[in-house]
Amino acid sequence: LILMSSLYRHNKAFNAFKNNLELEKSNEYLGKANDELYSAHNDLIKIYKLKDDLVAMLSHDLRSPFTAIKGYADILYNLEKDKNKKKYINHIRASTIHQLEYVDGMLDMLGEDGMNFQLNYEKISASELISRSVKGLDVLAKNKNITIMVFLNNDNELSIDIPKIHQVINNLIANAIKYTNKGGKITINAEVREHDFEIHFIDSGIGIDEKNTEAIFEKQEKEAHNGTDGEKSSGLGLWIAKTFVKAHKGTIGVKPNENKGSDFWFIIPVGRKKA
Ligand code: ADP
């Protein structure tokens with residue numbers, strides 16, 4: 001009995017020793033895995049930072065040539081007497097201003113934590129906001145023989161971050177042009193109400209697959225398609241639009257157009273007080 005109990009104790013001690021060894025091994029393994037995870041995490045942070053730095057550098061470096069183009073276009077505009085040529089020079093100016101705003105928007109988005117920007121509220125009339133974009137993109141519509149019609153219920157002022165909402169409208173009109181066949185039609189229906197602003201961009205284009213109506217607004221999870229005339233697609237335009245609309249505490253979406261094409265829309269609060 002004594003022998004058996006001593007054997008039992010030895011066995012228990014041996015098992016505890018074995019368990020300890022296994023625990024030590026697992027601990028060592030976990031420690032290693034932890035180190036690897038930590039270093040992978042650090043590498044990812046470095047890669048993200050590098051990407052942000054590259055985008056920031058690129059956006060920043062694009063500012064100078066765009067500013068120069070705008071400067072020379074201003075000079076040419078003032079020197080030119082021919083009305084027709086003046087109109088085209090004005091298009092160059094408007095597009096360059098649009099590019100500058102775009103670049104500034106990218107720089108704004110690249111805050112310390114990647115997506116940190118502040119809204120700068122200013123007043124603008126709804127008609128001015130829409131016509132700026134329509135004029136800037138008119139040449140693209142003309143190239144495809146597409147007509148753009150604008151309907152606005154009243155011309156009240158909006159209090160918004162002008163370059164950002166301008167960018168949203170530009171992206172939606174540019175897409176409507178891009179995904180509509182030659183000779184098509186785009187209707188912009190806008191309504192300024194007491195507390196919000198609603199705008200629809202209805203095109204007679206290729207339309208949207210109903211199962212994609214959410215995914216197309218995301219940065220990943222979507223396929224980007226070239227336009228009906230082979231125009232390039234980056235797959236970022238709607239994501240930028242959604243980011244800026246959400247920053248205004250608004251909503252953005254798309255539904256199929258009744259006949260053909262799509263109806264992209266957004267609603268944002270406008271911060272107007274009752275007159
Ligand atoms: P991009 O800037 O490259 O056009 P977007 O994020 O703006 O990318 O659009 C993403 C995708 O959504 C496009 O590749 C296209 O498939 C689809 N899309 C966007 N606008 C329209 C539209 N008006 N009609 C049909 N498809 C559209």
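A search of the whole structure, which is a predicted model, turns up 3 aromatic pairs. One of them brings together Phe 197 and Phe 266: the ring centres are 6.3 Å apart and the planes stand at 70°, which is over the 60 degrees that marks an edge-to-face arrangement, so this pair is edge-to-face. The two rings come from distant parts of the chain, with Phe 197 in strand 5 (residues 196-203) and Phe 266 in strand 7 (residues 262-269), 69 residues apart. Neither ring is left out in the open: Phe 197 is buried, with a relative accessible area of 0%, and Phe 266 is buried too, at 0% relative accessibility.

Phe 266 has another partner in Phe 201. Here the ring centres lie 6.5 Å apart and the planes meet at 20°, so the pair counts as stacked. Phe 201 belongs to strand 5 and Phe 266 to strand 7, so this pair ties together parts of the chain that are 65 residues apart in sequence. Phe 201 comes out at 1% relative accessibility and therefore counts as buried. Put together, ring pairs join Phe 197, Phe 201 and Phe 266 into a cluster.

Rings also turn up next to charges. The charged end of Lys 86 sits over the ring of Tyr 77, at 4.5 Å from the ring centre. In a similar vein, Lys 164 lies over the face of Phe 244, with 5.8 Å to the centre of that ring.

Phe 244 leads on to helix 5 (residues 237-247), where it is one of the buried residues. The others in that helix are Leu 238, Trp 239, Ile 240, Ala 241, Thr 243 and Val 245. And what do the buried residues of helix 5 pack against? Their neighbours are two helices, helix 2 (83-109) and helix 4 (162-178), along with two strands, strand 6 (251-256) and strand 7. Just past the end of helix 5, the backbone does something worth a look: Lys 249 adopts a positive phi of about 60°.

Turning to salt bridges, the count for the model comes to 12. Lys 164, already met over the ring of Phe 244, takes part in one of them with Asp 161, where the closest N and O atoms are 3.4 Å apart. Both partners are tucked away: Lys 164 is buried at a relative accessible area of 5%, and Asp 161 is buried at 2%.

A salt bridge in a more open setting joins Lys 142 to Asp 138, with 2.7 Å from N to O. Both residues sit in helix 3 (residues 126-143), 4 residues apart, or about one turn of the helix. Lys 142 is exposed, at 57% relative accessibility, while Asp 138 is partly exposed, with a relative accessible area of 22%.

Lys 255 and Asp 263 form a further salt bridge, at 3.8 Å between N and O. In this case Lys 255 is partly exposed, with a relative accessible area of 42%, whereas Asp 263 is buried, at 7%.

Finally, some charged residues go beyond simple pairs. Glu 191, Arg 193, Asp 196 and Glu 198 are linked to one another in a network of salt bridges.

Notes
Residues numbered from 1 in each chain as written. Predicted model: local features only at pLDDT ≥ 70, side-chain atom pairs only at ≥ 80, totals over all residues. Heavy atoms only, no water. Phe/Tyr/Trp six-rings, centres within 6.5 Å; stacked < 30°, edge-to-face > 60°. Buried < 20%, exposed > 50% of the residue type's maximum accessible area, 1.4 Å probe, protein only. Lys NZ or Arg CZ within 6 Å of the ring centre and 35° of its normal. Contact = heavy atoms within 4.5 Å. Salt bridge = Lys/Arg side-chain N within 4 Å of Asp/Glu carboxyl O.
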